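Student: I've just opened this one and I don't know where to look. Could you walk me through it?

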Amino acid sequence: MSRQSPGAPHIAFLSRSASLAYFRPLMAEAMPHAEISVWPEPRCLEAEIAVCWNPPPDVYARMPRLRLIHSIAAGVDNLLEGRRDPGVPVCRVVDPGLARGMIEYVRWSVLYFHRHFDRMAAQQRERAWQRLPLAAASACRVGVMGLGELGGVVARALRDDGYDVGGWSRSARQIDGIRTWHGEGGLAPFLARTDVLVCLLPLTDATRGILGARTLAGLPEGAALVHCGRGEHLVSADLIAALSGGRLRGAVLDVFPTEPLPADDPLWTCPGVVVTPHMASMAASAEVVRQVAGNIQRLRDGLPLRNTVDLARGY
Ligand code: NDP
Ligand code: OXD
């Protein structure tokens with residue numbers, strides 16, 4: 001017999017790479033009548049709601065009551081795999097706090113190159129005291145790939161800091177004070193005017209491997225990369241070749257195809273690379289739970305869900 005009270009939702013937190021048990025008390029507080037299971041508890045398969053980060057492969061096919069898949073994050077690439085029933089919607093987190101964190105991370109990374117902190121760190125190792133000319137922010141051309149919830153606010157924040165900001169997206173976007181390009185045809189002119197490339201794209205079939213030799217070769221000599229999208233966007237051998245050949249100046253990398261980044265990965269020690277452990281930004285757990293609970297209630301009330309993913313586009 002089900003332990004659910006009649007009509008109460010059953011919510012399963014599913015991840016094969018991290019324990020999501022820390023959500024249990026928060027979710028219980030937000031929805032006191034809900035049944036809550038956490039992977040690998042077998043009862044997860046009875047749930048109607050799957051709240052996911054890297055869910056186990058093919059798990060949805062074993063959840064006959066599934067009615068909603070909800071990400072705990074902004075990106076949904078890792079939870080679309082194995083989703084076969086077109087009637088089950090997928091929602092994600094969109095949060096001003098997450099956007100604020102991303103602005104901070106990208107602002108630091110852009111300043112790191114614009115104000116030569118990379119070169120100062122190298123000089124310090126040589127005990128070299130050498131001042132470099134102060135370049136105005138307006139002389140630093142930043143290019144943001146992806147102008148959505150995160151890329152859009154990051155581009156605006158950098159514009160307000162005085163940078164010369166360009167942006168690239170799938171469809172045409174207009175943002176005051178920012179020159180924008182879109183689609184395949186817009187990529188080359190966008191790259192050609194970009195000194196610091198910021199990747200805030202979602203991972204889809206169209207964007208996998210986009211940070212490879214061709215894109216990197218489209219940047220001006222001495223350009224730098226700030227990568228906060230997904231590890232699979234980057235062809236790391238191509239980046240390492242561009243850095244070691246001196247064509248590119250450096251890279252700040254937050255995301256990797258395998259996380260944690262394996263100890264023997266050459267990126268750890270590649271000159272010019274800063275590695276951070278997928279910490280550019282994240283939504284507070286309480287906010288994630290608030291959004292999940294809100295969407296569960298909306299589902300039960302027959303109202304349109306918030307922050308749904310367009311499954312045809314894949315983001
Ligand atoms: P959105 O879905 O709001 O925006 C995505 C943007 O990318 C849109 O502007 C979209 O274009 C553009 N885009 C998608 N496909 C293409 C394509 N083929 N060519 C050109 N542009 C494309 O996503 P968010 O801004 O919320 O998040 C972006 C990503 O950031 C997430 O998917 C995740 O991977 C990553 N992320 C990383 C974090 C970290 O800590 N490192 C934290 C949070 C998110 P259009 O405007 O035309 O739709
Ligand atoms: C996200 C992330 O997508 O943390 O929110 O990468």
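Tutor: Sure, let's start with a term. Helices and strands here are DSSP runs, numbered from the N terminus, with at least four residues for a helix and at least two for a strand. Keep in mind too that this is a predicted model.

Student: Which element gives the largest share of the shell around ligand 1?
Tutor: Start with the elements that give two or more residues to that shell: helix H5 (149–160) and strand E7 (164–169). With three residues, the largest share comes from H5.

Student: Which residues come nearest to ligand 1?
Tutor: A residue belongs in this list if one of its heavy atoms lies within 4 Å of the ligand. There are 30 residues around ligand 1, and the nearest are Arg92, Leu150, Ser171, Arg173 and Tyr315.

Student: How do the residues of that shell divide into nonpolar, polar and charged?
Tutor: Let's go up from the charged group, which has seven residues. The polar group has 10. That leaves the nonpolar group, with 13.

Student: Which residue has a polar backbone atom 2.9 Å from an oxygen atom of ligand 1?
Tutor: Let's go through the backbone contacts. Gly229 has a polar backbone atom 3.4 Å from a ligand 1 oxygen. For Cys228, a backbone N or O atom sits 3.1 Å from a nitrogen atom of the ligand. The residue at 2.9 Å from an oxygen is Glu149.

Student: And how much of what ligand 1 exposes when taken alone does the protein bury?
Tutor: Ligand 1 taken alone exposes 950 Å². Of that, the protein buries 94%.

Student: On to ligand 2. Which residue has a side-chain N or O atom 2.6 Å from an oxygen of ligand 2?
Tutor: The residues around ligand 2 are Ala73, Ala74, Gly75, Arg230, His278 and Ser281. Gly75 puts an atom 2.6 Å from a ligand oxygen, but that one is a polar backbone atom. Arg230 does use its side chain, at 2.7 Å. The side chain at 2.6 Å belongs to His278.

Student: What share of ligand 2 does the protein bury?
Tutor: On its own, ligand 2 exposes 210 Å². The protein buries a share of 84%.

Student: Now the sheet. Which strands stand at the edges?
Tutor: This open sheet has five strands in the order E2-E1-E3-E4-E5, with parallel pairing. An edge strand has a single partner strand, so one side of it is left without a neighbour in the sheet. The strands that fit are E2 (35–38) and E5 (90–91).

Student: What is the bridge partner of Ala12 in E3?
Tutor: Strand E1 (residues 10–14) pairs with strand E3 (residues 49–52) in the parallel sense, over four bridges. Within E3, the partner of Ala12 is Ala50.

Student: Which residue is joined to Pro260 by a cis peptide bond?
Tutor: Pro260 lies in the loop between strand E11 (248–253) and strand E12 (273–275). Don't mix this up with the cis bond between Trp39 and Pro40, where omega is about 15°. At Pro260, omega is about 0° and the residue joined to it is Glu259.

Student: Last one: where is the pLDDT below 50?
Tutor: The chain averages 96, and 98% of the residues score at least 70. The low stretch has 10 contacts in the model beyond near neighbours in sequence. The pLDDT is below 50 over residues 1–5.

How values were computed
Residues are numbered from 1 along each chain as its sequence is written. Chains are lettered from A and ligands numbered from 1 in the order in which they are written. This is a predicted model: local features need pLDDT of at least 70, side-chain atom pairs count only at pLDDT 80 or more; totals for chains, interfaces and linings use all residues. Side-chain values use heavy atoms; hydrogens and water are left out. A polar contact is a pair of N or O atoms within 3.5 Å; within protein, one must be able to donate a hydrogen and the other to accept it, and residues adjacent in sequence count only if both atoms are side-chain atoms. Accessible areas come from the Shrake-Rupley method with a 1.4 Å probe; for residues, only the protein chains shown count as cover. Ala, Val, Leu, Ile, Met, Phe, Trp, Tyr, Cys and Pro count as nonpolar, Asp, Glu, Lys and Arg as charged, and the others, Gly among them, as polar. pLDDT is the predictor's confidence in each residue, from 0 to 100. Contact means heavy atoms within 4.5 Å. Two strands pair if DSSP finds at least two bridges between them.
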